[in-house]
Amino acid sequence: PFFSLSPYHAVRLTLLKGDSTAWLGLTLGILIITLSILQLKKPSRAFWLLMTGFAALLPVMNILPLGLENFAGERFLLLPVSLFSLATVDYIMPFWQKGKLYLPAVTWSLACIITILVTIPQWKDDISFWSWASRRDHLSALPSNNLSSALILTGDYAQAAEKARYSASLNPEDNYEKPWVNLGHAYFKMG
């Protein structure tokens with residue numbers, strides 16, 4: 001799930017054969033767990049924090065299914081990411097105290113600044129936000145539908161109708177009526 005962070009997190013309950021980022025994340029998780037298990041001879045506090053983080057991550061990765069369809073959102077990454085951060089700090093603190101960790105700290109800080117500079121403009125207004133979410137998950141009806149609603153509010157009825165049609169086409173058998181409401185609203189406003 002770390003590779004797909006965005007304002008809208010699509011819930012995919014099965015790994016698709018062609019979803020390389022999901023398979024990369026799963027492989028990386030298994031590799032880290034395997035390497036961590038090798039540390040069992042001399043487990044440290046960082047090891048236990050890391051293992052607890054992976055245990056908390058299992059439901060989000062859909063490896064340990066809990067029967068809850070909406071368990072894949074970013075909010076459920078808060079606990080595992082916090083535990084990973086504590087494990088990392090616990091592991092690197094001796095290096096930091098010896099003064100050998102300035103370059104990674106500066107690199108991490110620059111990466112955070114770049115991420116903020118790239119992300120903040122996406123939240124400028126509803127159009128920017130839902131356009132971004134729609135690009136992140138073009139196969140979900142929700143972001144396209146919400147973009148359609150935002151376009152209606154700005155008076156761009158033709159574009160709103162196009163986004164509403166696209167949203168409705170994604171799940172034709174679903175009872176998701178909101179794209180049809182937006183489409184009707186856009187057509188009504190166009191005359």
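## Contacts around N182

Two residues are in contact when their heavy atoms lie within 4.5 Å of each other. With that in mind, let us visit one residue of this predicted model. Which residues does N182 touch, leaving aside its neighbours within four places in sequence? The partners are N145, S148, S149, I152 and A164.

N182 itself sits in helix α8, which covers residues 178-190. Is N182 buried or exposed? Its relative accessibility is 9%, and because buried means under 20%, N182 counts as buried.

## The overall picture

Now for a step back to the whole protein. Its secondary structure amounts to 8 helices and 0 strands, so anyone following the sequence meets the pattern α-α-α-α-α-α-α-α. The protein has 191 residues, and 29% of them count as buried.

How much of the contact network joins residues 24 or more positions apart? Among contacts in the protein with a separation of 6 or more, such pairs account for 53%. As for the outside, the protein exposes about 12,900 Å², and carbon and sulfur atoms supply 67% of that area.

## A salt bridge between two helices

Side chains of opposite charge can pair when their charged atoms come close. How many salt bridges does a search of the whole structure find? The search turns up 1 salt bridge. Its partners are D90 and R45, whose side chains meet at 2.7 Å, N to O. This pair links distant parts of the chain, 45 residues apart: D90 belongs to helix α3 (residues 78-97), while R45 belongs to helix α2 (residues 45-57).

The two partners can also be described by their accessibility. D90 has 23% relative accessibility and therefore counts as partly exposed. R45, at 59%, counts as exposed, because the cut-off for exposed is over 50%.

## A nonpolar patch on the surface

One more stop is on the surface. Which residues make the nonpolar patch of about 390 Å²? The patch is made by L28, L31, L35 and L38.

L31 is one of these residues, and you can find L31 in helix α1, which runs over residues 20-37. The relative accessibility of L31 is 46%, so L31 counts as partly exposed: partly exposed is the class between under 20% and over 50%.

Note on methods:
Residues are numbered from 1 along each chain as its sequence is written. This is a predicted model: local features need pLDDT of at least 70, side-chain atom pairs count only at pLDDT 80 or more; totals for chains, interfaces and linings use all residues. Side-chain values use heavy atoms; hydrogens and water are left out. A salt bridge is a side-chain nitrogen of Lys or Arg within 4 Å of a carboxyl oxygen of Asp or Glu. Helices (H or I, at least four residues) and strands (E, at least two) are DSSP runs, numbered from the N terminus. Buried means under 20% relative accessible area, exposed over 50%, partly exposed in between (1.4 Å probe, protein chains only). Patches are made of residues with over 30% relative accessible area and no salt bridge: like charges are joined within 9 Å, nonpolar side chains (Val, Leu, Ile, Met, Phe, Trp, Tyr) within 5 Å. Accessible areas come from the Shrake-Rupley method with a 1.4 Å probe; for residues, only the protein chains shown count as cover.
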